[in-house]
Each structure stands twice: as C-alpha cells, then as structure tokens.
Amino acid sequence: MNGPTHNPRAAPAWPVFDLSQPEGRSGYADRLARLRSTTSLSGPQAQAVAEVVEDVRTRGDDAVVEAMRRWTDPGFEAADIVADADDMAQAEREVDPAVLTAVEQAIANVRAYQAHVLPKPTEPMDLGGGVLGMRWSPVDSAGLCVPGGTAPLFSTLVMLAVPALVAGVPAERLAPIHPPPTRAGDAPAQPVSPVVLAVAGRLGLPRLYRIGGAQGVAALAYGTESVPKVDFIAGPGNVFVQLAKAMVSGACGTEGGFYGPSEVVVVADPSARADRVAADLLAQAEHDPGKCFLVAWDAGVIERVEQELARQLAERGRSRAIVSALETESAAVLVRDENQAVDVVNDLATEHLTLAVQEPEAWLERVRHAGEVFLGDATPVAVGDYWAGPSHCLPTGTTARFASGVSVYTFLKRTGTVAYPGGLPADAAHGAATLAECEGLDAHAQSLRVRLD
C-alpha cells in the first residue's frame, strides 16, 4: 500500500502511503512538502505577482484593467470595476427567493456565533500603584477577498463580512472584491453571479468591486481611482491572491496565514461510516484544486472508503476536478496507531479536520494544529462552509501551525492601557530607571525620575 491503487472498484489512483514502509514514508514526506510549498514567496509565481502589485501601485485603475483583460476577460473596462446598490437590487430580483431565505438564516447563524465569541471588555487590574487594562477596537476599513473562478462563492462573502460587521467595522468601509468568471476562448463574457451581488446587498454593503487576483489585492492595499485604500485585507484565494497579500503586508494588515486551496484531513476508525467519510473527501476534492487526506490505522477502513469514493464519484458533477485532486494532491495514510495518527494530523496542519472516531472529544487536547475541527462522522465539513457559524475562511498550506481562521478577532486590534492615578510610585520609577540606564537610555531614565520631583 505504498503507491497508487489500481483496483477498478476503487477511487481514481490516489496514493496510499503505509508509514511502516520506507516507500510509504517517502511518499508521505513528498505530499507534506508539496502542501507546505504552496506558501513559498519565491519562484516565478512570486515574481509575476510582485510585478502586478507594483504596476497597480504606480498606475492604479489602468493596471487593474490590463490585468483583468489578461487573465479574466479581454473586454474588461474600468466602468466594470464597481457594482453599486442599484446593481445589487437588480441582482436580488433575479435570485430564487428560497436561496435568499437560506442566505438570511446563514447570516443570522454566523452573526450569532461571532457575537458570542466577541471579546468582552477586560476588567482593569491594580498592580504596584498602576491601573492596567486592555481595550479592543475594530480596524477602520477592510478589504474582503471573495474567490471567483469556477464557483460563485457567495458564502465566503458572508463568512468575511459578518465577522467584520460584528467587530464594528462600518459596512460602508468594507470593500469586497470578487471577479467575474474567467472567459474561455471565444465564449461570451459572463457577469458576476447575481447571488453574490444580492448577498452583498443583504449584508448592507454599498459596493462590490468586480476584480480579483493579485491586481485586486494591490488595489485594496494602495487604492486606485475606483477602489479605496483599506487598512486590512482578509479572505481566501488562489496562490496569486495569497502571495499578493503577503507582499502588501505592511502597507496594510492581513490575517497572517495562507488562505489558499481547500484542504481536509479525515481521521477514521472502524466505527466511521465509509459513505460519510467519502462524501466529505469528495466535497473538498471538488474544489479546483482540493487536497484531501484520509488517516487510518486499519487498512480495511481505507479500502471501504476507496470503494465509496468510486461509487459516489459517478454521481458528482465536478468529477474532472475531483479525479485530479485525488490523484495529484491527496493521499490516504496508513498509520501504526492513534498516536501516530495525531502526529500526522499535526504535521499536515490542514484547514479542516474531521475526527470520524468513536470519541472525537477525547482527541481535542492532542490536536494542536487545525483550522477548524469537526467532531464525529455525523458532522459534515459543508455545514461549516455554509451554515454553522464559525467562518469557513481558514489557514491552509500547514499555516494552521501559527495562524487561525477568520473571526471577529481578525478585525479587532488590542491596545493596552496604563495609568498611575496616584502618581508614579518611587519603587517603580527607580526600578524602571535602573533598567533604562542598563540599556544606555538615560533620557528614558530621566523621564521616570522627573516624576519624583
């Protein structure tokens, strides 16, 4: 079980790596390295992104339009950049009311969860004559990256805008970007999905910018004639979007992780239902690209899931993307036991983790790195994508080792407060001045001692 399987009843030849064998360990190490390499700031992709970012910084809308013509629609014009409230109202009339009703409930769920986790004001503490506190305040403005490509991910707009709004960012200071579908050959250009525009209207956003890619990120970071400069950028996207966000960090803030192509790890024991496990793997594999990993210590579990993958694949509409994801980006990993499974989970540090095991809560203390954890095989990842409440905008490329998913916290800043209402005590002045003088900063020391006069 160290290379591609070729059982005609199994899923397309996705590799199964047995970590007890040298070839399996080598294959797994290669998959892990590929996962981590998605975040690299070197290579031709990074160079191309840097050129686009600099072009937009210096030439504004003209550079944005040229980039959109090159990669999305040869007929793109500057007038196409901004969609306003009238466009949103028209779009809403075109959308199935049942979809809008479901959207409203999803917005309510996300709003309720984000309000629940909104940090409460910190009680001040008295320490050595000082009153010390912490205050939270929202960023003044934020750009929201909503992917386009082959699926109109209006759900991502909900998962970005609602946490920002709950944090206190004014709706008029939110700048979502979302490109129209990429034009293929001589096919006519397609507009931005009316559902995306309708959702923007339901969220109370006054504008949406029909741009994407590195050019969209650069426009948000530096501002153009049509796009306002923002203080913070959040949201997922392809490697070009994520590289651009890393490059503009400093000109504005970003989440600090890599929010790229979708990923999932499913840990399954013999109690897991193979049809549910396979369905969750396929749901992530249908992203283009998607990355899926099955981790098990029972070879029979892997075999049953493979059979389900093959059966369900025939029913899926995006089978080409799924096959590509399974064969080139994904793997099943046969481990020794539960302990080794935990090690693999923490190595992969993926966006989504499903614990399809008998007692999933017991695993939580040992899972150190995952964007979001789904407990039990009765809990599908897709409920988190659309409905549950936590944002589906999560770190990828193993950056869950140090980054978190988007939440109300993403759009908040922490500011410490210090006060000595009774005057600076002598011991504090002398102690701090001693440390300042040890660093050779006598002006610091004097600023402390002058308060004893």
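Helices here (H or I, at least four residues) and strands (E, at least two) are DSSP runs, numbered from the N terminus. With that naming in hand, Thr396 can be placed in the loop between α14 (381-386) and β15. What you're looking at is a predicted model. The points below go through some helix pairs, a helix and what covers it, and a handful of individual residues.

**Helices that pack together**

- Let's start with helix α5 (residues 97-117) and helix α6 (residues 154-167), whose axes are 9 Å apart and make an angle of about 40°.
- The crossing of α5 and α6 is right-handed.
- On the α5 side you'll find Val103, Ile107, Val110, Arg111, Gln114 and Ala115, and they meet Phe154, Val158, Met159, Val162, Pro163 and Val166 of α6.
- Sort the residues of that α5-α6 contact by type and you get ten nonpolar, one polar and one charged.
- Next up are helix α8 (residues 213-222) and helix α9 (residues 239-248), with axes that come within 7 Å and cross at roughly 25°.
- Angles under 35 degrees count as roughly parallel, and α8 and α9 are therefore roughly parallel to each other.
- Their crossing, that of α8 and α9, is right-handed.
- From α8 come Gly213, Ala214, Val217, Ala221 and Tyr222, which meet Phe240, Val241, Ala244, Lys245 and Val248 from α9.
- The residues of this α8-α9 contact split into eight nonpolar, one polar and one charged.
- Then there's helix α1 (residues 22-37) with α13: the axes come within 10 Å and cross at roughly 30°.
- That makes α1 and α13 roughly parallel.
- Tyr28, Leu32, Leu35 and Arg36 of α1 make the contact with Val344, Asp347 and Leu348 of α13.
- By type, the residues of the contact of α1 with α13 come out as five nonpolar, no polar and two charged.

**Helix α7 and its cover**

- Which residues of helix α7 (residues 194-202) are buried? They are Val195, Val196, Leu197, Ala198, Val199 and Ala200.
- The cover over these buried residues of α7 includes β2 (82-83), α4 (85-94), α5, α6 and β7.
- After α7 comes Gly204, with a positive phi near 80°.

**Arg210, a buried loop residue**

- Look for Arg210 in the loop between β7 (208-209) and α8.
- Buried or exposed? Arg210 counts as buried because its relative accessibility is 18%, and the cut-off for buried is under 20%.
- The Arg210 side chain reaches the backbone oxygen of Val82, at 3.0 Å.
- Setting aside neighbours within four places in sequence, Arg210 has plenty to touch: among its contacts are Met68, Phe76, Asp80, Val82, Asp87, His178 and Val192.

**Thr396 and Thr398, in the loop between α14 and β15**

- Thr396 has 1% relative accessibility, so it counts as buried.
- A polar atom of the Thr396 side chain lies 2.7 Å from the backbone nitrogen of Gly260.
- Gly260 also turns up in the list of contacts of Thr396 beyond four places in sequence, along with Thr39, Phe258, Tyr259, Pro261, Glu263 and Glu351.
- Thr398 is found in the loop between α14 and β15, and at 0% relative accessibility Thr398 counts as buried.

**Positive phi outside glycine**

- Some background first: most residues other than glycine have a negative phi.
- Thr398 has a positive phi, near 70°.
- Ala349 isn't a glycine, yet its phi is positive at about 45°.
- You'll find Ala349 in the loop between α13 (338-348) and β13 (352-356).
- With a relative accessible area of 0%, Ala349 is buried.

**Val418, out in the open**

- Strand β15 (residues 412-419) is the place of Val418.
- Val418 counts as exposed because its relative accessibility is 63%, and the cut-off for exposed is over 50%.
- Not counting residues up to four places away in sequence, Val418 touches Val131 and Leu132.
- How far apart in space are Val418 and Met125, C-alpha to C-alpha? They are 9.9 Å apart, with their positions 293 residues apart in sequence.

How values were computed:
Residues are numbered from 1 along each chain as its sequence is written. Side-chain values use heavy atoms; hydrogens and water are left out. Axes are lines fitted to C-alpha atoms, for helices over the stretch in contact, and angles run from 0 to 180 degrees between N-to-C directions. A crossing is left-handed if the near helix is turned anticlockwise from the far one by less than a right angle, and right-handed if clockwise. Contact means heavy atoms within 4.5 Å. Ala, Val, Leu, Ile, Met, Phe, Trp, Tyr, Cys and Pro count as nonpolar, Asp, Glu, Lys and Arg as charged, and the others, Gly among them, as polar. Buried means under 20% relative accessible area, exposed over 50%, partly exposed in between (1.4 Å probe, protein chains only). Angles under 35 degrees count as roughly parallel, over 145 as roughly antiparallel, 65 to 115 as roughly perpendicular and the rest as oblique. A polar contact is a pair of N or O atoms within 3.5 Å; within protein, one must be able to donate a hydrogen and the other to accept it, and residues adjacent in sequence count only if both atoms are side-chain atoms.
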